[in-house]
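Reader: I am new to this structure and would like to go through it in questions and answers. Please show it to me before we start.

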Amino acid sequence: MVQSEAPVVILVRPQLAANIGAAARAMMNCGLVDLRLVVPRDGWPNPEALPMAAGGADIIENTTVFNSLAGAMHDMTFAVALSARRRDMSLRYAHPREVSVEILNHGGKAALVFGPEASGLDNDEVAQTDCMVTANLNPDYPSLNLAQAVLLMGWEWRMAAFAAADKPDIVESDERNDGR
């Protein structure tokens, strides 16, 4: 598994720089490296993102900004919209685990698309993707914060990549494992 095969993370109209930083940290945890922002509310770059990024500072420093979701997805061959809200739309729905194999098949040309913290993606944005991904969480409260959602999808992609490479999903003994 090489990082260049990792999916791209696209945050559409993110509202808080701290949440962008936390999403970058979650990306780094899972080996995702390409972060794209679509019209961040408070502009970019934003110094408030860096403290929350922790080990993901390189991701923050290399983040690209786009004026539209279509622009951010210009080089993608597959995109999934992530939302806790079901839509009255004709589109394919999938769970994080099942769509991860499909993401792998597109290599680094797949995108994970997340909406703004307060409202999520709008229907026009969802319609630009190939499928909607919803995690099977507590039906009374299925909403995740932005970094949690990035971590959930990043983890599922990472586990699918390990399985495809026939590697165990454990930390190698020569790697540092100090709880961070």
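**Cysteines, cores and a pocket**

Author: In this predicted model, the count of disulfides is zero.

Reader: How many disulfides are there under this rule, and what sulfur distance does the rule use?

Author: A disulfide is a covalent bond between the sulfur atoms of two cysteines. The rule accepts a pair of cysteine sulfur atoms within 2.5 Å. By this rule the number of disulfides is zero.

Reader: Is cysteine 30 buried or exposed?

Author: Buried means a relative accessible area under 20%. Cysteine 30 has a value of 1%, so this residue counts as buried.

Reader: And cysteine 131, buried or exposed?

Author: The cut-off is again under 20% relative accessible area. For Cysteine 131 the relative accessible area is 0%, so the residue is buried.

Reader: Which helix gives the largest share of the largest nonpolar core?

Author: This core has 35 residues, and those touching the most other members are Val9, Leu11, Val80, Val99, Ile103, Leu112 and Phe114. The largest share is seven residues, and they come from helix H1, residues 17–30.

Reader: How many residues are in the second, separate core?

Author: Among the members of that core are Ile10, Val12, Met76 and Leu121. Its size is 16 residues.

Reader: Which helix gives the largest share of the lining of the second largest pocket?

Author: This pocket holds about 510 Å³ of space. Of its 24 lining residues, Leu82, Ser83, Ala84, Ser143 and Leu144 are the closest to the centre. The lining divides into 14 nonpolar, eight polar and two charged residues. Its largest share, three residues, comes from helix H7.

Key: Residues numbered from 1 in each chain as written. Predicted model: local features only at pLDDT ≥ 70, side-chain atom pairs only at ≥ 80, totals over all residues. Heavy atoms only, no water. Core = buried A, V, L, I, M, F, W, Y, C linked by side-chain atoms within 4.5 Å. Buried < 20%, exposed > 50% of the residue type's maximum accessible area, 1.4 Å probe, protein only. Helix = DSSP H or I, 4+ residues; strand = E, 2+ residues; numbered from the N terminus. 1 Å grid on protein atoms, 1.4 Å probe; cavity = no way out; pocket = protein on both sides within 12 Å on 5 of 7 lines; lining within 4 Å. Points joined across faces, edges and corners; volume = space filled by probe spheres on them. Nonpolar A, V, L, I, M, F, W, Y, C, P; charged D, E, K, R; others polar.
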